[in-house]
Amino acid sequence: MTTMLSARGLMKSFGAVTAADDVNIEVPSGQRVSLIGSNGAGKTTFVNMVTGYLKPDAGTIALDGREITGLGPRRITRLGVARSFQIPQLALDMTALDNMLVAAACNDGELSFWKPARSPGRRARAMALLERFDLAAHAQRKVSELPGGVRKLLDIAMALTGQPKLLLLDEPTSGVSVEEKFPMMDTIAGALAAEKVTVLFVEHDMEIVTRYADRVIAFYSGRVIADDPPDAVLADEQVQRYVTGSLRQGA
Ligand SMILES: Nc1ncnc2c1ncn2[C@@H]1O[C@H](COP(=O)(O)OP(=O)(O)OP(=O)(O)O)[C@@H](O)[C@H]1O
């Protein structure tokens, strides 16, 4: 199996705060990896370095064998890294399908007056993706009319329009009700497996982590303190002390 992401010796400081302290992470192609850690542990800093929003002070990052360290976000997106945010980035006045088409055109670097987003090929691919996410019935509805959970699914579907190699998700079910979160994650996991995309997802909900991650990487104070399958990480004493809180600090 090929290595999709390789981060070696990553360092990043903000003044006196060390947000990444010798972070080493190798992710094989097709794996679904959850990043956990309490607030300020360094998860977003790591994601921002992979996506090019932050330049590491030291260390290297390679995507599918190609070094991407220090490249800007647009270059890194072109090379196959996509991202979906906790708060969906959608055009509310446009339909779900048109949001997909614009995302696809932006990913192709082709959105202009002369090259309309609505090409037949792009439309077929967008509809196929909407179907994978159980969103086909919403294709012609304006995003402003759609419930929050549907918007989140749409945002992830949009991130896949460029056929990325690596997808970074930020708490895909945050703000979703307890009854909805597992069905929604089943849909997301099924769609991501069908797209054969490697996934890193930041998550605070340990039930989601246990059910849906192949592997869990725990951060604390800018360092990776555990990196193993979910059961092993959640049983780790440092993780219980500093992440899940099941062992109180100082206990
Ligand atoms: N742009 C910045 N400027 C200054 N300090 C920053 C910046 N970004 C992050 N930090 C600091 O770096 C540390 C790691 O933050 P980071 O956002 O990576 O944590 P996190 O694990 O993603 O937390 P959360 O779960 O709250 O999003 C924190 O102490 C944070 O305050």
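**Exercise 1. Strand E6 and its partner**

Which residue is the bridge partner of Ala 82 in E7?

Solution. The model is predicted: local features need pLDDT of at least 70, side-chain atom pairs count only at pLDDT 80 or more, and totals for chains, interfaces and linings use all residues. Residues are numbered from 1 along each chain as its sequence is written.

Step 1. Helices (H or I, at least four residues) and strands (E, at least two) are DSSP runs, numbered from the N terminus. Two strands pair if DSSP finds at least two bridges between them.

Step 2. Four bridges join E6 and E7, and the pairing is parallel. The bridge partner of Ala 82 in E7 is Leu 167.

Step 3. A residue is buried if 20 or more other C-beta atoms lie within 10 Å of its own, exposed if 12 or fewer, and partly exposed in between, with C-beta atoms placed from the backbone. Both faces of E6 are covered, with Val 81 and Arg 83 buried on one side and Ala 82 and Ser 84 buried on the other.

**Exercise 2. The sheet of six strands**

Work out the strand order of the sheet that holds E6, and find its edges.

Solution. Step 1. The order is E6-E7-E8-E3-E9-E10, an open sheet with mixed pairing.

Step 2. Strand E6 (81-84) and strand E10 (223-228) are the edges; each has a single partner strand, so one side of each is left without a neighbour in the sheet.

Step 3. On average, neighbouring strands of this sheet are turned by 20 degrees against each other, direction ignored. Axes are lines fitted to C-alpha atoms, for helices over the stretch in contact, and angles run from 0 to 180 degrees between N-to-C directions.

Step 4. Helix H5 (residues 148-159) packs on the sheet and touches E6 and E7, its direction making about 170 degrees with that of E6. Contact between two residues requires C-beta atoms, placed from the backbone, within 7 Å.

Step 5. At the other edge, strand E9 (residues 215-220) and E10 run antiparallel and are joined by five bridges. Ile 217 stands opposite Asp 227 in E10.

**Exercise 3. The sheet of four strands and helix H1**

Describe the sheet with E1 and E2, then place H1 against it.

Solution. Step 1. The open sheet has four strands in the order E2-E1-E4-E5, with antiparallel pairing. E2 and strand E5 (66-67) stand at the edges with a single partner strand each, so one side of each has no neighbour in the sheet.

Step 2. Nine bridges join strand E1 (residues 3-14) and E2. Ala 7 stands opposite Ile 25 in E2.

Step 3. H1 packs on this sheet, touching E1, E2 and strand E4 (58-63), and its direction makes about 60 degrees with that of E2.

Step 4. H1 is largely enclosed by the rest of the structure because seven of its nine residues are buried. Among them are Lys 43, Phe 46 and Val 50. Just after H1, Gly 52 takes a positive phi of about 90 degrees.

**Exercise 4. The shell around the ligand**

Which element gives the most residues to the shell around the ligand?

Solution. Step 1. A residue is near a molecule or strand if its C-beta atom, placed from the backbone, lies within 6 Å of it. The residues around the ligand include Phe 14, Val 17, Asn 39, Gly 40, Lys 43 and Phe 219.

Step 2. Strand E2 (17-28) and H1 are the elements that give two or more residues to this shell. H1 gives the most, with three residues.

Step 3. Ala, Val, Leu, Ile, Met, Phe, Trp, Tyr, Cys and Pro count as nonpolar, Asp, Glu, Lys and Arg as charged, and the others, Gly among them, as polar. The shell has five nonpolar, six polar and one charged residue.

Step 4. Gly 40 lies in the loop between strand E3 (32-36) and helix H1 (43-51). Gly 40 counts as partly exposed because it has 14 C-beta neighbours inside 10 Å. Its C-alpha atom is separated by 7.2 Å from that of Ser 221, 181 residues apart along the chain.

**Exercise 5. Two domains**

How many residues does the contact take from domain 1 and from domain 2?

Solution. Step 1. Domain 1 covers 1-80 + 167-176 + 198-251, and domain 2 covers 82-163. These bounds come from an automatic or database domain assignment.

Step 2. The contact takes 11 residues from domain 1 and 11 residues from domain 2. Strand E7 (residues 166-170) gives the most to the domain 1 side, with four residues.
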